[in-house]
Structures are given as structure tokens and as C-alpha cells.
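Ready for a few exercises? Look over the sequence and the model below, then try each task before you read its solution.

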Amino acid sequence: MTALLAPVRGDRLVHCINPVAKIAASAAIGVALLVTIDWVSGAVALALLLPLVPFAGVPWRALTVRMLPLLIASPLTALTLALYGAPSGHVYGSFLLATVSEGSLQLAAAAALRVLAIGLPAVLLVATVDPTDLADGLVQTWRLPARFVLGALAAFRLVGLIVDDWRALVLARRARGVGDAGGRLGRIRFLGSVAFALLVLALRRGGSLATAMEARGFGGDTPRSAARTASFGRAEWVLVGIGVLIGLVALGVSIAVGAFNPVLGPRG
């Protein structure tokens, strides 16, 4: 599971593109879809994204694992809005607080498609992002403070250790006879004690890491040199242009068919 969630390596062009461009392309699609609430724009964006999946260089197994939360959240979001969304148009049925209407079904479809259309490019693009490359891009391209970026990079590097620490703490407690026996209440207490121990361990490790980085000059205000140059060239601009184009086409089709329903301002 950890290997599936790690950044995907490969020799395709998308793996060599500046991570900042990948984030910008994904953000362009997301911003465009957040302007309006209708199912047409979400469907068009999703239809334009699906043919690009094979070019992303992400194995289908890894893509399925990464998309699993979205595949679960999308129908649950649609079901909630279909039952409890603001009723409008023809009412198909109601029960207690739940009302299924034409407007709530359209809202449910729009929300479900948006979850997938916004999440898919983020998964595809971020799946190939190396944290160190991302830090270089943020510092050299977006000119973000190096101290903040390097601190975030160090913290992100430690996230992968949480699973190993949890497993080690559980095995250590069970080896000492402090297991999760005693029914459901005993298991809750056991998990609570492990979670508290993990929090203490994370705080100690974070403090040690901060001291070590400070001792090595990572907290200084002097300009830092870069071991690797983060370039922003033609490939990066093409990727950002694809993201902007998908967002504009989705909005254009929505406006053309009369389904455009802006979040701010008068709604149709």
C-alpha cells in the first residue's frame, strides 16, 4: 500500500515537468468548475480528462488506489444532496426530512461529477510529484520563502514514518502484554494510548529535526543556492494551457446549453 501511494517514477515527459505547473493546471480546472454549479460543466471536464489518463504515466492499480476515496465520496455526496438538497421543480417523493425533487437530483449529479472532475487531475498530476522537486519549484518559480518550504518538505518526509511508528508501538505494547483485550472499551483504550504515544513521539522527532535543521543553517535569512535548477519552459506552459483550456471549454459548453448556474450572483 505504501508503494502504491509513493510518487510514481517513469521516463514520460509528464514526470519531468515542474511540479508547480502540475499544480497550476489542476488548480485551473478546479477554479473553473467552482464558478458554477451544474452537471454539464462537470461532465464536459470529466469527458475531456479521461482520454488524458493514459498519458499521465500512472499505473492503473496505483490510480485505482488513489482514486478510491473519490469513488466513495462521489456517490455519497450525490445521495446526500439528492435527499436533503433544496427542493425545486417537480417533486418525485418525500419522507420525513428527505425530499427528492428535480432540482435536488440535478444538484446531486453536479456535485458528484465535480468531485471526480476536480479530484482526477489532482490525482493524476500530483501522483508524479517528488516532494524535493516540488520544494525546488516553489522556491525558485513562485519565490516562496525557503525557510517555510524546507520546513514543510522536512515535515512531509516524516509523514511516511507514521505508519511504521504506529505498527511498532502496537507490537511493542502487545509484546509487553498490553493488548487490546477487554472488548470494545478495552480496544478503544488501547488505540487511545497508542495514539497518544504516537503524538508524543512525533513531537519529540519534530523538535529534534527542527534543532538539527537550525544547526545546519536552514533557518538563516541569507540567500540559498539550489542543487537542482527548477525550470519553467515550453512543456510546463503547455500543461498549464491544457488545464486552462479544459476549464474554459467546460464553462463555454455550460453557457452555450443554458445550464450555467453561477455560485455567486443570480442563478438559473
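## Warm-up: the whole chain

In the protein chain, 75% of the contacts (heavy atoms within 4.5 Å) between residues at least 6 apart in sequence join residues at least 24 apart. The model is predicted, so local features need pLDDT of at least 70 and side-chain atom pairs count only at pLDDT 80 or more, while totals for chains, interfaces and linings use all residues. Residues are numbered from 1 along each chain as its sequence is written, and side-chain values use heavy atoms, with hydrogens and water left out.

**Exercise 1.** State how many helices and strands the protein chain has, and give their order.

*Solution.* Start with the count: there are eleven helices and two strands, where helices (H or I, at least four residues) and strands (E, at least two) are DSSP runs numbered from the N terminus. Next, read along the sequence to get the pattern α-α-α-α-α-β-β-α-α-α-α-α-α. To finish, add burial: of the 268 residues, 35% are buried (buried means under 20% relative accessible area, exposed over 50%, partly exposed in between, with a 1.4 Å probe and protein chains only).

## Helix packing

**Exercise 2.** Describe how α3 and α6 pack, and list the residues that make the contact.

*Solution.* Begin with the geometry: α3 (residues 19-34) and α6 (residues 102-126) pack at about 175°, and their axes are 9 Å apart. Axes here are lines fitted to C-alpha atoms, for helices over the stretch in contact, with angles running from 0 to 180 degrees between N-to-C directions. The two helices are therefore roughly antiparallel (under 35 degrees is roughly parallel, over 145 roughly antiparallel, 65 to 115 roughly perpendicular, the rest oblique). Now the residues: α3 contributes K22, A25, S26, I29, G30, L33 and L34, and α6 contributes R114, A117, I118, P121, A122 and L125. Sorted by class, the contact has nine nonpolar, two polar and two charged residues (Ala, Val, Leu, Ile, Met, Phe, Trp, Tyr, Cys and Pro are nonpolar; Asp, Glu, Lys and Arg charged; the others, Gly among them, polar).

## Around α4

**Exercise 3.** Which residues of α4 are buried, and which helices do they pack against?

*Solution.* List the residues: V40, S41, G42, V44, A45, L46 and L49 are buried in α4. These buried residues pack against α3, α6 and α11. Then zoom in on V44, which has 18% relative accessibility and so counts as buried. Leaving out residues up to four places away in sequence, V44 touches V249, A250 and V253. Its C-alpha atom is 9.1 Å from that of G247, although the two are 203 residues apart along the chain.

**Exercise 4.** Trace the links between D38, S254 and the start of α4.

*Solution.* First, place S254 in α11 (residues 234-256); S254 is buried at 0% relative accessibility. Second, the side chains of S254 and D38 form a polar contact of 3.0 Å (a pair of N or O atoms within 3.5 Å; within protein, one must be able to donate a hydrogen and the other to accept it, and residues adjacent in sequence count only if both atoms are side-chain atoms). Third, at the start of α4 a side-chain oxygen of D38 comes within 3.1 Å of the backbone nitrogen of V40.

## A loop residue

**Exercise 5.** Where does R143 lie, and is R143 buried or exposed?

*Solution.* R143 sits in the loop between α7 (131-140) and α8 (146-159). With 66% relative accessibility, R143 is exposed. Its phi is positive, about 60°, although R143 is not a glycine.
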